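Q: Could you take a close look with me at one small part of this protein? I am in my first year, so a patient walk through the picture would help a lot.

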Amino acid sequence: MDLLTEGGEFLAAIRDIFEEKAPFHKILGIKIRSISFDRVQLLLEMREEFVGNYVQGSLHGGVISSLIDVTGGLAAFMGIQGKLPGESLDRRLARIGKLGTIDLRVDYLRPGRGKEFISTGYNLRTGNKVAVIRVELHDESNQLIAVGTGSYNIA
């Protein structure tokens, strides 16, 4: 189930938290492209400030790892949401206060060139306390730029 097509108060609250209330996410301009309990996609538009290698004009590795981490965190958050049927909106959203990165590994596969980048996070395993997430970062031509695996505290 893609929550973008569902809409509603829950999605609006998640958008507000991840796109507006988190100052670093807002600085990067990260937008939710699609979202469900087992997969999320985020969009990042290239800006001059994100260039790491000025000769190549490619995306900075720190921006890549940040986007992968944010995607992993949202995927972990959504993974635990799928296990909370019947919980009130306030209790579901309160889980954001428990979210934190435990470990993150990023493999840079090729220079990030292009106008926009899409990161997709998949839940590999969501337990009661920890979620393990796989993230892939593609450019607008669907070329794989980087991959990451992270574990996130969710309890």
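Where is the place of Ser-34?

A: Happy to help! Keep in mind as we go that this is a predicted model. Ser-34 sits in strand 1, the stretch that covers residues 31-35.

Let us begin with how much of this residue can be reached from outside. The relative accessible area of Ser-34 is 9%. Ser-34 therefore counts as buried, because that word is used here for values under 20%. A general point is handy when you look at any strand: in a regular one, side chains alternate between the two faces of the sheet.

Next, see what the side chain of Ser-34 touches. It makes a polar contact with the side chain of Arg-39, at 3.5 Å. That partner gives us a good path to follow, since strand 2 covers residues 39-45.

Strand 2 runs antiparallel to strand 6, which spans residues 116-126, and 7 bridges join the two. If you would like one pair to find on your screen, try Val-40, whose bridge partner in strand 6 is Gly-121.

From strand 6 we can step across once more. Strand 6 also pairs with strand 7 (residues 130-139), again in the antiparallel sense, this time over 9 bridges. These two strands form a hairpin, with 3 residues between them. A pair to look for here is Thr-126 and its bridge partner in strand 7, Ala-131.

Now that you have followed the strands, let us turn to charged side chains elsewhere in the chain. The model has 6 salt bridges by the rule used here. One of them joins the side chains of Arg-47 and Glu-49, at 3.4 Å from N to O. Arg-47 is partly exposed, because its relative accessibility is 32%, whereas Glu-49 is exposed, because its value is 61%.

Another salt bridge links the side chains of Glu-87 and Arg-91, with 3.0 Å from N to O. In this pair, Glu-87 counts as partly exposed at 30% relative accessibility, while Arg-91 reaches 58% and so counts as exposed.

A further one connects Arg-105 with Asp-107, where the closest N and O atoms are 2.7 Å apart. Arg-105 is exposed, with a relative accessible area of 52%, and Asp-107 is partly exposed, with 27%.

To come back to where you started: Ser-34 is a buried residue in strand 1, and its side chain has a polar contact with that of Arg-39.

Key
Residues numbered from 1 in each chain as written. Predicted model: local features only at pLDDT ≥ 70, side-chain atom pairs only at ≥ 80, totals over all residues. Heavy atoms only, no water. Helix = DSSP H or I, 4+ residues; strand = E, 2+ residues; numbered from the N terminus. Buried < 20%, exposed > 50% of the residue type's maximum accessible area, 1.4 Å probe, protein only. Polar contact = N/O pair within 3.5 Å; in protein donor to acceptor, adjacent residues only side chain to side chain. Pairing = 2+ DSSP bridges. Salt bridge = Lys/Arg side-chain N within 4 Å of Asp/Glu carboxyl O.
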